[in-house]
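Thanks for coming. I will go through one structure today, starting with the overall layout and then moving to a pocket, some aromatic rings and one arginine.

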Amino acid sequence: MKPLTALPSLTSRRWTIVGIWVSWAIAVAFRAHDATGIPLLLRSIGALTALLVLTALCVRNYKVGQFIADDADAALDERQIALRNRAYLGAYRLYGGVMALGATYITIAVDSKWFWYPSSRYAWQSIAEAVILLAVVAPSAWLGWFVPDESDETRRVPQ
């Protein structure tokens with residue numbers, strides 16, 4: 001059985017998850033072909049910096065999930081197995097919900113022409129990157145967001 005003390009604080013984990021999506025959005029904004037007024041060199045430096053931050057945050061988030069996700073069931077206790085299963089189920093539900101909402105939105109937007117929908121290769125590429133990022137990050141992000149701090153668990157009094 002592995003102790004959960006290796007996890008960073010809950011606040012730190014949540015900031016990591018928020019940072020992943022903010023840095024991805026910044027990288028997309030800097031890479032935009034229609035970013036007027038910003039020279040190409042500055043856009044490239046900004047996009048590269050945001051992607052480096054994104055990579056570092058993804059590695060940090062991966063380490064949060066790695067503490068139980070990579071182990072065999074024999075190495076984990078029942079609570080850790082249940083936690084891992086809830087993380088996978090929560091990530092699956094999140095991913096399925098986002099995909100269903102996205103498909104519904106694009107279908108309505110293309111048919112009705114009332115809403116913006118991706119029409120360029122760049123827009124589709126950005127959406128594909130977000131979908132891949134969500135698939136990769138979701139289980140660890142679920143753990144990072146919902147697992148309480150070890151000190152919070154020890155403070156609870158059983159009733």
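**Layout, a pocket and some rings**

Read from start to end, the protein chain has the pattern α-α-α-α-α. Please keep in mind that this is a predicted model. The secondary structure amounts to five helices and zero strands. Of the 159 residues in the protein chain, 32% are buried. The chain exposes about 10300 Å², and 68% of that comes from carbon and sulfur atoms. As for contacts, if we take those between residues at least 6 apart in sequence, 74% join residues at least 24 apart.

Next, the second largest pocket. It holds about 180 Å³ of space. Its lining consists of Val98, Met99, Gly102, Ala103, Tyr105, Ile106, Trp116, Pro118, Trp124, Ile127 and Val131. Two elements, α3 (78-112) and α4 (121-146), each give two or more residues to that lining. Which of them gives the most? That is α3, with six residues. By class, the lining has 10 nonpolar residues, one polar and no charged ones.

Tyr105, one of the lining residues, brings me to the aromatic rings. The count here is three aromatic pairs, and I will show two. Tyr105 and Phe115 have ring centres 6.0 Å apart and planes at 40 degrees; the pair is tilted because that angle falls between the 30 and 60 degree cut-offs. Tyr105 sits in helix α3 and Phe115 in the loop between α3 and α4, 10 residues apart. Are these two buried or exposed? Neither, strictly: Tyr105 is partly exposed at 36% relative accessibility, and Phe115 is partly exposed at 41%.

The other pair is Trp142 with Phe146, also tilted, at 5.1 Å centre to centre and 45 degrees between the planes. Both residues lie in helix α4, four residues apart, which is about one turn of the helix. Their accessibility is worth stating separately. Trp142 has a relative accessible area of 18%, so it counts as buried, the limit being under 20%. Phe146, at 51%, counts as exposed, since the limit there is over 50%.

Last, the arginine. Arg14 is in helix α1, residues 10-31. The C-alpha atoms of Arg14 and Trp142 are 9.8 Å apart, with the two positions 128 residues apart along the chain. Leaving aside residues up to four places away in sequence, Arg14 touches Gly144 and Trp145. At 31% relative accessibility, Arg14 is partly exposed.

That is what I have; questions are welcome.

Methods:
Residues are numbered from 1 along each chain as its sequence is written. This is a predicted model: local features need pLDDT of at least 70, side-chain atom pairs count only at pLDDT 80 or more; totals for chains, interfaces and linings use all residues. Side-chain values use heavy atoms; hydrogens and water are left out. Buried means under 20% relative accessible area, exposed over 50%, partly exposed in between (1.4 Å probe, protein chains only). Contact means heavy atoms within 4.5 Å. On a 1 Å grid over the protein atoms alone, a cavity is a set of points where a 1.4 Å probe fits but cannot get out, and a pocket is an open set with protein on both sides within 12 Å along at least five of seven lines; lining residues have an atom within 4 Å of a point. Grid points are joined across faces, edges and corners, and a volume is the space filled by probe spheres set on the points. Ala, Val, Leu, Ile, Met, Phe, Trp, Tyr, Cys and Pro count as nonpolar, Asp, Glu, Lys and Arg as charged, and the others, Gly among them, as polar. Accessible areas come from the Shrake-Rupley method with a 1.4 Å probe; for residues, only the protein chains shown count as cover. Rings of Phe, Tyr and Trp (its six-membered ring) pair if their centres lie within 6.5 Å; planes under 30 degrees apart count as stacked, over 60 as edge-to-face and the rest as tilted.
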